[in-house]
2 protein chains.
Amino acid sequence: MTDDDRVFKALADPTRRFLLDLLFARDGRTLTELESELEMTRFGVMKHLKVLEEAGLVVTRRSGREKLHFLNPVPIRLIHDRWIDKYTERQVTALVDLKAELESES
Amino acid sequence: MTDDDRVFKALADPTRRFLLDLLFARDGRTLTELESELEMTRFGVMKHLKVLEEAGLVVTRRSGREKLHFLNPVPIRLIHDRWIDKYTERQVTALVDLKAELESES
DNA sequence: TTGACATGTGACCAATGGGTCACATAAGTT
DNA sequence: AACTTATGTGACCCATTGGTCACATGTCAA
């Protein structure tokens with residue numbers, strides 16, 4: 001299993017993406033705290049966090065008996081750079097921003 | 001199945017990512033042409049292309065009996081924007097570029 | 001030390017997904 | 001029309017994966 005394979009497999013599950021959303025909103029949470037946001041047993045959440053951590057999308061730091069989880073955006077940026085070169089980036093960014101603006105006005 | 005779910009599921013398979021790499025290098029290829037680059041039957045490749053198309057990562061245009069495939073970078077950009085805000089983007093981009101530069105020098 | 005809390009491991013099961021094949025339609029060629 | 005080429009469909013098999021549970025370790029407080 002390659003590094004990028006781990007990243008994409010990790011992102012393939014909606015629960016794991018929701019965990020990234022939670023950490024994007026606020027970093028440094030524990031397993032128990034994240035579990036309370038999900039309708040799933042602690043074991044399921046723990047499995048998902050392990051997958052995210054092994055993919056490098058989440059980094060952790062121990063503090064006593066707690067384990068704090070942080071979002072690492074680097075792998076996300078690398079996905080972007082794989083299929084969007086500098087030239088295309090300008091066009092796509094403009095297009096996406098325009099679309100967002102139009103939808104916010106309606 | 002939500003839109004973004006289709007995108008992430010589509011990206012989860014290494015063969016499909018390789019197909020995107022091929023289209024990133026050169027657009028407008030047919031199924032038969034893409035098949036020749038892979039060690040897999042035509043049916044497998046067709047299934048993968050269907051998944052990519054339903055995710056919006058690949059758009060197609062018919063030309064006679066041929067079907068031409070093109071890469072659409074918009075869903076990739078949306079993944080980026082989901083977990084990297086404008087402020088973080090500057091830091092992450094700088095970090096990724098620096099890392100690439102250091103590795104190219106060694 | 002006794003109890004409560006936070007995290008960790010391995011086995012297990014149902015569901016999903018990758019790949020192939022038999023078969024089929026449609027379009028170009030001679 | 002006969003033949004070839006390009007794409008499409010449904011069924012099938014095997015491997016992988018999401019989720020749960022029984023059980024276990026480590027940490028903090030009284």
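## Contacts with DNA strand C

In this predicted model, a polar side-chain atom of Thr41(B) is placed 3.0 Å from a phosphate oxygen of DNA strand C. The bases of DNA strand C are also approached by arginine side chains of both chains. An N or O atom in the side chain of Arg65(A) lies 3.2 Å from a base oxygen of DNA strand C, and an N or O atom in the side chain of Arg65(B) lies 3.3 Å from a base nitrogen of that strand. Elements contributing two or more residues to the surface near DNA strand C are helix H3 (31-35) and H4 of chain A, along with helix H2 (14-25) and H4 of chain B.

DNA strand C has 22 residues around it, of which Thr32(A), Arg42(A), Arg16(B), Lys47(B) and His48(B) come nearest. Of the atoms of DNA strand C that come within 4 Å of the protein, 57% belong to sugar and phosphate. By class, the surface near this strand comprises 10 charged, 7 polar and 5 nonpolar residues.

## Contacts with DNA strand D

DNA strand D is surrounded by 21 residues, and the closest are Arg16(A), Lys47(A), His48(A), Thr32(B) and Arg65(B). Sugar and phosphate make up 55% of the atoms of DNA strand D that come within 4 Å of the protein. The residues of the surface near DNA strand D divide into 10 charged, 6 polar and 5 nonpolar.

Two adjoining entries concern the phosphates of DNA strand D: a polar side-chain atom of Thr32(B) is 2.3 Å from a phosphate oxygen, and a backbone N or O atom of Leu31(B) is 3.3 Å from a phosphate oxygen. For the bases, an N or O atom in the side chain of Arg65(B) lies 2.7 Å from a base oxygen of DNA strand D. Helix H4 (42-54) of chain A, and helix H3 (31-35) and helix H4 (42-54) of chain B, are the elements that give two or more residues to the surface near this strand.

## The hairpin of chain B

In chain B, strand E1 (residues 58-63) and strand E2 (residues 66-71) pair in the antiparallel sense over 6 bridges. Ser63(B) stands opposite Glu66(B) of E2(B). The two strands form a hairpin with 2 residues between them, and Gly64(B) in the turn has a positive phi of about 70°.

## The interface of chains A and B

Chain A and chain B each give 31 residues to their contact. The area buried between them is about 2,800 Å², with 68% of it on carbon and sulfur atoms. Three residues, Arg17(A), Arg77(A) and Trp83(A), supply 25% of the area that chain A buries against chain B, more than any other three residues.

Across this interface there are 8 salt bridges and 10 residue pairs in polar contact, both residues being at pLDDT 80 or more. One of the salt bridges joins Glu89(B) to Arg77(A), with the closest N and O atoms 3.3 Å apart. On the side of chain A that touches chain B, the elements giving two or more residues are helix H1 (3-11), helix H2 (14-25), helix H5 (74-83) and helix H6 (86-105). H5(A) gives the most to that side, with 9 residues. By class, the residues of this side of chain A are 17 nonpolar, 11 charged and 3 polar.

How values were computed: Residues are numbered from 1 along each chain as its sequence is written. Chains are lettered from A and ligands numbered from 1 in the order in which they are written. Side-chain values use heavy atoms; hydrogens and water are left out. Two strands pair if DSSP finds at least two bridges between them. Helices (H or I, at least four residues) and strands (E, at least two) are DSSP runs, numbered from the N terminus. A residue is near a molecule or strand if one of its heavy atoms lies within 4 Å of it. A polar contact is a pair of N or O atoms within 3.5 Å; within protein, one must be able to donate a hydrogen and the other to accept it, and residues adjacent in sequence count only if both atoms are side-chain atoms. Ala, Val, Leu, Ile, Met, Phe, Trp, Tyr, Cys and Pro count as nonpolar, Asp, Glu, Lys and Arg as charged, and the others, Gly among them, as polar. Contact means heavy atoms within 4.5 Å. Buried area is the accessible area (1.4 Å probe) that two parts lose on being put together, summed over both. A salt bridge is a side-chain nitrogen of Lys or Arg within 4 Å of a carboxyl oxygen of Asp or Glu.
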